[in-house]
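The following exercises concern strand pairing, helix packing and backbone geometry. Each task is followed by a worked solution, to be read with the structure at hand.

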Amino acid sequence: MIQLTNHQARQFLLLKHGLLGDYQFIGKQGVLDFIQQVGCIQYDPIDVCGKNAELVLQSRVKGFTKGLLAELLYEDRSLVDYPDKNLAIISVEHWPYFERYRQAARQHAARYPEMEALTEQVRATIQNQGAISLDDIKLDGDFSWQSAIHWSGGNNPSRSVLEQMYSTGELIVHHKKGTRKYYDLAKKHIQSDLLNAPEPLANELEHYKWRVLRRIGAVGLLWNRASDAWLNIWGLKAVERNEVFRQLLDEDGIVPISVEQIKDTLYCLVEDLPLIEAARKNPKPKVRCEFIAPLDNLIWDRKLIQALFGFDYTWEIYTPASKRKFGYYVLPLLYGERFVGRVEVIVERKISTLVIKNIWYENDVTLTEPLQIALDACFQKFALFNDCNTILKEYLT
């Protein structure tokens, strides 16, 4: 059992995520390196000041632009849209590890024989037209449908078939225009040795172990308890999770960490021990100011963030307006080794203006000159990221 102070645990997490000190991830390769480290980043289509996946990367990758992510997804095909922690972006190299989910989707589809004729229509349309969106095909059918992986087609047969073919891995997202997805045949874009690879893990337990290691690596520190960090790992209940943790400890895949004032044991990957040791030396890295995405890997477990950082964050996008404490799309504000507040930012694209609607500082935070300078630099970087040439600070008026 490794003992850490609260301060050391925070430093470890921020260093691992490349959010403290000099940028560890740079340019296009930096995007690949970060996604390789965390396994996946969550995708959400809402774009108030950048989509979630883009927001995650802009806070860590020096020189990141939205075009870099699009290139890696839809030109290089190094990354692929596929469910992991809900809707997500993963490395294409990890495609084989999700074969059990695609197989489940195929078995699910077999219960609906009427789907096959409609599926063939989609194949023919794509062969003739290339990548298609929901608007490009109209299928006739009268059934309600829940795809095996994630989405509900409702009573729209075209949506149902496209999403089911996506679930089985026959289709992938070819590109997106705004929030609209365009689908194409996976075999045209994923190399055959990956596309047709068999399930690489021997059984369900080995799969759970792979997924749990992946999620611990995605956050940095996690506990063996219910957590949003385990979302969309089918069948991983408390009994299965306990056995996974037991075996991973026996196999020296994870290391138990005790953090002062936190009752539950936390765990990190064994390969992160050098970074744990670096944090135990209490380094004083360069301070940065960053806006953090609402579904950022770092804050997947909000209770853990509250325990370590004393920061209580709720994404209020689905909270009725009358019950919101802050706003519709509010980002945590990280300065140095702590969350100092939250900020509501909106991009007015027609006038290329970044609007800072409001900033709420934590009760014990004082707006010092160094914080103001760092915040202004963060605004400038964020405006560049969003192709804005003007910054409007409404909270000052």
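**Exercise 1.** In which sense do β3 and β6 pair, and over how many bridges?

*Solution.* The model examined here is predicted. Strands β3 and β6 are antiparallel, and 3 bridges connect them. One position to inspect is Q42, which faces A88 of β6.

**Exercise 2.** Determine the strand order of the open sheet that contains β3, β5 and β6, and identify its edge strands.

*Solution.* Step 1: the order of the 3 strands is β3-β6-β5, with antiparallel pairing. Step 2: β3 (40–42) and β5 are the edge strands, as each of them pairs on one side only. Step 3: from one strand to the next, the twist averages 25°.

**Exercise 3.** Which strands of this sheet does helix α2 touch, and which does helix α4 touch?

*Solution.* Step 1: helix α2 (residues 27–38) packs on the sheet and touches β3, β5 and β6. The direction of α2 makes about 95° with that of β3. Step 2: helix α4 (residues 66–74) also packs on the sheet, where it touches β5 and β6. The direction of α4 makes about 85° with that of β5.

**Exercise 4.** Describe the open sheet formed by β14, β15, β16, β17 and β18.

*Solution.* Step 1: the 5 strands follow the order β14-β15-β16-β17-β18, and their pairing is mixed. Step 2: the edges are β14 (289–291) and β18 (390–393), each paired on one side only. Step 3: the twist averages 30° from one strand to the next. Step 4: within this sheet, β15 (residues 330–335) and β16 (residues 338–348) run antiparallel and are joined by 6 bridges. Y335 has R338 in β16 as its bridge partner.

**Exercise 5.** Where do N86 and Q261 lie, and is each buried, partly exposed or exposed?

*Solution.* Step 1: as background, most residues other than glycine have a negative phi. Step 2: the phi of N86 is positive, near 60°, and that of Q261 is positive as well, at about 70°. Step 3: N86 belongs to the loop between β5 (79–81) and β6 (88–91), whereas Q261 is in the loop between β12 (254–259) and β13 (266–269). Step 4: N86 has a relative accessible area of 22% and is therefore partly exposed, the limits of that class being 20% and 50%. Q261 has a relative accessible area of 80% and is therefore exposed.

Technical notes: Residues are numbered from 1 along each chain as its sequence is written. This is a predicted model: local features need pLDDT of at least 70, side-chain atom pairs count only at pLDDT 80 or more; totals for chains, interfaces and linings use all residues. Side-chain values use heavy atoms; hydrogens and water are left out. Helices (H or I, at least four residues) and strands (E, at least two) are DSSP runs, numbered from the N terminus. Buried means under 20% relative accessible area, exposed over 50%, partly exposed in between (1.4 Å probe, protein chains only). Two strands pair if DSSP finds at least two bridges between them. Axes are lines fitted to C-alpha atoms, for helices over the stretch in contact, and angles run from 0 to 180 degrees between N-to-C directions. Contact means heavy atoms within 4.5 Å.
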